[in-house]
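User: I'd like to go through this one label by label, so please show me how each term is earned.

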Amino acid sequence: MLVDRLVRRGYIVSSVVEEAMRRVPREEFVPERLRSEAYVDTPLPIGTGQTISAPHMVAIMVEKLDLKSGQKVLEVGAGSGYHAAVVAEAVSPDGHVYTIERIEPLARFAEGNLRRTGYKDTVTVIIGDGSKGLAEHAPFDRIFVACSAPDVPAPLLEQLADGGKMLVPVGSRAYQDLICVERRGHQLLKENYGGCVFVPLIGEFGY
Ligand code: SAM
């Protein structure tokens with residue numbers, strides 16, 4: 001079982017993340033012809049040159065986000081909707097996830113997957129340039145960017161609540177570091193969680 005392996009390998013540490021990942025059926029978020037590979041720990045193509053992230057990367061990011069029930073979360077890069085669904089489980093029952101996707105057919109794919117699996121009311125999919133954030137629903141308790149940026153996008157920093165945490169892969173198009181930024185009043189505390197590789201954030205505050 002995939003989740004058991006992620007626990008054994010130390011990617012999943014908390015019961016919140018373990019339960020969230022057990023609840024979300026990853027096979028419902030990949031193209032039908034790839035369903036048999038849904039529980040292999042690898043990224044998979046979801047069309048238009050994009051990928052659903054590898055389960056261990058989802059586990060790492062959800063652990064680092066330190067999610068609590070009731071939080072309002074912003075994701076940049078909805079893709080298949082899978083990562084948003086896992087986060088929605090972790091902030092349930094009263095939390096909400098807004099996820100932005102710039103490629104319309106993928107946003108529709110995510111929306112359909114989320115509706116079919118029961119996340120229609122807890123995840124809102126928005127089509128647009130997520131590098132600008134989502135000012136109308138800010139501030140957010142947590143923000144995570146599922147694609148790589150040349151720097152931490154300034155609008156996302158502005159939209160992070162006091163006490164909030166943001167995760168964003170920052171670096172070149174080829175290789176990035178997973179950066180965590182925590183807002184404490186006027187202070188921004190940064191931590192580097194090490195190397196990762198994501199598809200690029202394309203937009204006004206991306207590449
Ligand atoms: N979280 C997704 C999942 O669970 O399937 C995987 C995300 S995929 C690695 C990165 C996504 O970011 C792609 O779907 C891509 O189109 C999207 N993206 C890139 N730049 C964007 C932007 N400026 N705004 C919104 N989405 C963007």
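Analyst: Let's start with the shell around the ligand: its residues divide into 12 nonpolar, 10 polar and four charged. The model is predicted, so local features need pLDDT of at least 70 and side-chain atom pairs pLDDT 80 or more, while totals for chains, interfaces and linings use all residues. Numbering runs from 1 along each chain as its sequence is written, and side-chain values use heavy atoms, without hydrogens and water.

User: What makes a shell residue nonpolar, polar or charged?
Analyst: It goes by residue type: Ala, Val, Leu, Ile, Met, Phe, Trp, Tyr, Cys and Pro are nonpolar, Asp, Glu, Lys and Arg are charged, and the others, Gly among them, are polar.

User: And which of the residues around the ligand come nearest?
Analyst: E75, S80, E101, G130 and I202, out of 26 residues around the ligand. To count as near, a residue needs a heavy atom within 4 Å of the molecule.

User: Which elements each supply at least two residues of that shell?
Analyst: β2 (50-52), α4 (82-90) and β4 (96-101) do. β2 gives the most, with three residues. These names are for DSSP runs, numbered from the N terminus: helices are H or I with at least four residues, strands are E with at least two.

User: What makes the H83 approach to the ligand a polar contact?
Analyst: A polar contact is a pair of N or O atoms within 3.5 Å (within protein, one must be able to donate a hydrogen and the other to accept it, and sequence neighbours count only if both atoms are side-chain atoms). A backbone N or O atom of H83 is 3.0 Å from a ligand oxygen, so that pair passes the cut-off. R102 also passes, with a backbone N or O atom 3.3 Å from a ligand nitrogen. For I202, a polar backbone atom is 2.7 Å from a nitrogen of the ligand. Taken alone, the ligand exposes 600 Å², and the protein buries 99% of that.

User: Why is S80 called buried?
Analyst: Buried means under 20% relative accessible area, exposed means over 50%, and partly exposed is in between (1.4 Å probe, protein chains only). S80 has 3%, so it counts as buried. S80 sits in the loop between β3 and α4, and its C-alpha is 26 Å from that of A154, 74 residues away in sequence.

User: How do you know that I52 is buried?
Analyst: I52 has a relative accessibility of 3%, so it gets the buried label. I52 belongs to strand β2. Between I52 and G203 there are 20 Å, C-alpha to C-alpha, and 151 residues of sequence separation.

User: What about E182, buried or exposed?
Analyst: Buried, at 18%. E182 is part of strand β8 (residues 176-184). Its C-alpha lies 6.6 Å from that of G163, with their positions 19 residues apart in sequence.

User: What makes α4 mostly covered?
Analyst: Nine of its nine residues are buried. Among them are Y82, H83, V86 and E89.

User: Why is E104 called partly exposed?
Analyst: E104 has 42% relative accessibility, so it is partly exposed. E104 lies in helix α5 (residues 104-116). E104 and I127 are 6.2 Å apart, C-alpha to C-alpha, at a separation of 23 residues in sequence.

User: What is notable about the backbone angle of T48?
Analyst: T48 has a positive phi of about 50 degrees, and it is not a glycine. Most residues other than glycine have a negative phi. T48 is in the loop between β1 (44-47) and β2, and at 48% it is partly exposed. D66 also has a positive phi, near 55 degrees, without being glycine. D66 falls in the loop between α3 (55-65) and β3 (72-76), and its 32% makes it partly exposed too.

User: Where do you find cis peptide bonds?
Analyst: One joins S92 and P93, with omega about 5 degrees, and P93 is in the loop between α4 and β4. Another joins A138 and P139, with omega about 0 degrees. P139 is in the loop between β5 (123-127) and β6 (140-145). For context, most peptide bonds are trans.

Notes. Areas by Shrake-Rupley, 256 points an atom, 1.4 Å probe, with all protein chains shown as cover.
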